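Work through these exercises with the sequence and the model side by side. Try each task before you read its solution.

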Amino acid sequence: MDPTLIPSYLLEIHQSNRPGFQPVLGFPSWRVGFLNFASNLVPDRITELQRHNESDELFILLSGNCVLIMGEGEESVSHLFVRKMEPDKIYDIKRGVWHSHVLSENAKVLIVENEKTSPLNSPRIRLTAAQRAELLHLTRHALGLE
């Protein structure tokens, strides 16, 4: 028997190289997916943030660059924050925090989230023109482009 041919009942290997978020593995209460570069995840195309009202969401940078964008506020975003992710760290976006991402073309982020996360419990909020300009400045600065 070839020891490199492992039966699927012992080991499953998952990957995704499609743009955007792709869930690849789910369990009764959580799922794991990849977030890859997509053309709408660049600084000048971020027009809204989302939040998850029922659970935290975890992010782990696997390759490339990713800047986490967070917005403080309940019914509107009062303050924007950005954080350039570092490999080998787990970033836990808390339940109810407005957020998005800016990714480099070679970026890959592992996401762990509640299996029931959906548009029904994850509202979106549009950014104002002033917030979009601020976000553009903040993300470029975080990436060392300014």
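**Exercise 1. A loop residue with an unusual phi**

D88 lies in the loop between β6 and β7 (90-93). Strands (E, at least two residues) and helices (H or I, at least four) are DSSP runs, numbered from the N terminus. The model is predicted: local features need pLDDT of at least 70, side-chain atom pairs count only at pLDDT 80 or more, and totals for chains, interfaces and linings use all residues. Residues are numbered from 1 along each chain as its sequence is written, and side-chain values use heavy atoms, with hydrogens and water left out.

Task: State the phi of D88 and decide whether D88 is buried or exposed.

Solution.
- Step 1. Start with the general rule: most residues other than glycine have a negative phi.
- Step 2. Read the angle. Phi of D88 is near 65°, a positive value in a residue other than glycine.
- Step 3. Set the cut-offs. Buried means under 20% relative accessible area, exposed over 50%, and partly exposed in between (1.4 Å probe, protein chains only).
- Step 4. Apply them. D88 has 76% relative accessibility, so D88 counts as exposed.

**Exercise 2. The overall layout**

Task: Give the order of helix and strands along the sequence, and the share of residues that count as buried.

Solution.
- Step 1. Count the elements. The protein has one helix and 10 strands.
- Step 2. Put them in order: β-β-β-β-β-β-β-β-β-β-α.
- Step 3. Take the overall dimensions. The C-alpha trace spans about 65 × 35 × 25 Å along its principal axes.
- Step 4. Check burial. Of the 146 residues, 36% count as buried.
- Step 5. Look at contacts (heavy atoms within 4.5 Å). Among those between residues at least 6 apart in sequence, 73% join residues at least 24 apart.

**Exercise 3. Partners of β9**

Task: Find how many bridges join β2 to β9, and which residue of β9 stands opposite F59.

Solution.
- Step 1. Define pairing. Two strands pair if DSSP finds at least two bridges between them.
- Step 2. Take β2 (residues 30-36). Seven bridges join β2 to β9 (residues 108-114), and the two run antiparallel. R31 has E113 as its bridge partner in β9.
- Step 3. Take β4 (residues 57-63). Six bridges pair β4 with β9, again in the antiparallel sense. F59 faces I111 of β9.
- Step 4. Move past β9. T117 sits in the loop between β9 and β10. T117 has a relative accessible area of 10%, so T117 is buried. Beyond its neighbours within four places in sequence, T117 contacts R31, H52, S55 and S122.

**Exercise 4. An enclosed strand**

Task: Explain why β8 is described as largely enclosed.

Solution.
- Step 1. Recall the rule: in a regular strand the side chains alternate between the two faces of the sheet.
- Step 2. Sort the side chains. W98, S100 and V102 point one way from β8, and H99, H101 and L103 the other way.
- Step 3. Test burial. Six of the six residues of β8 (residues 98-103) are buried, so β8 is largely enclosed by the rest of the structure.
- Step 4. Identify a partner. β5 (residues 66-72) runs antiparallel to β8, joined by six bridges. C66 of β5 stands opposite L103.

**Exercise 5. Two sides of the helix**

Task: Name the buried residues of α1 and what covers them.

Solution.
- Step 1. Check the length. Helix α1 (residues 129-142) has 14 residues and reaches 20 Å from first to last C-alpha. That is close to the 20 Å expected at 1.5 Å a residue, counting 1.5 Å times one less than the number of residues.
- Step 2. List the buried residues: Q131, L135 and T139. They cover an arc of only 60° around the axis, which puts them on the same side of α1. The arc is that of the directions from the helix axis to the C-beta atoms.
- Step 3. Turn to the other side. A129, A130 and H141 are exposed there.
- Step 4. Find the cover. β5, β6 (79-84), β8 and β10 (124-126) are among the elements over the buried residues.
- Step 5. Step off the end. Just after α1, G144 takes a positive phi of about 75°.
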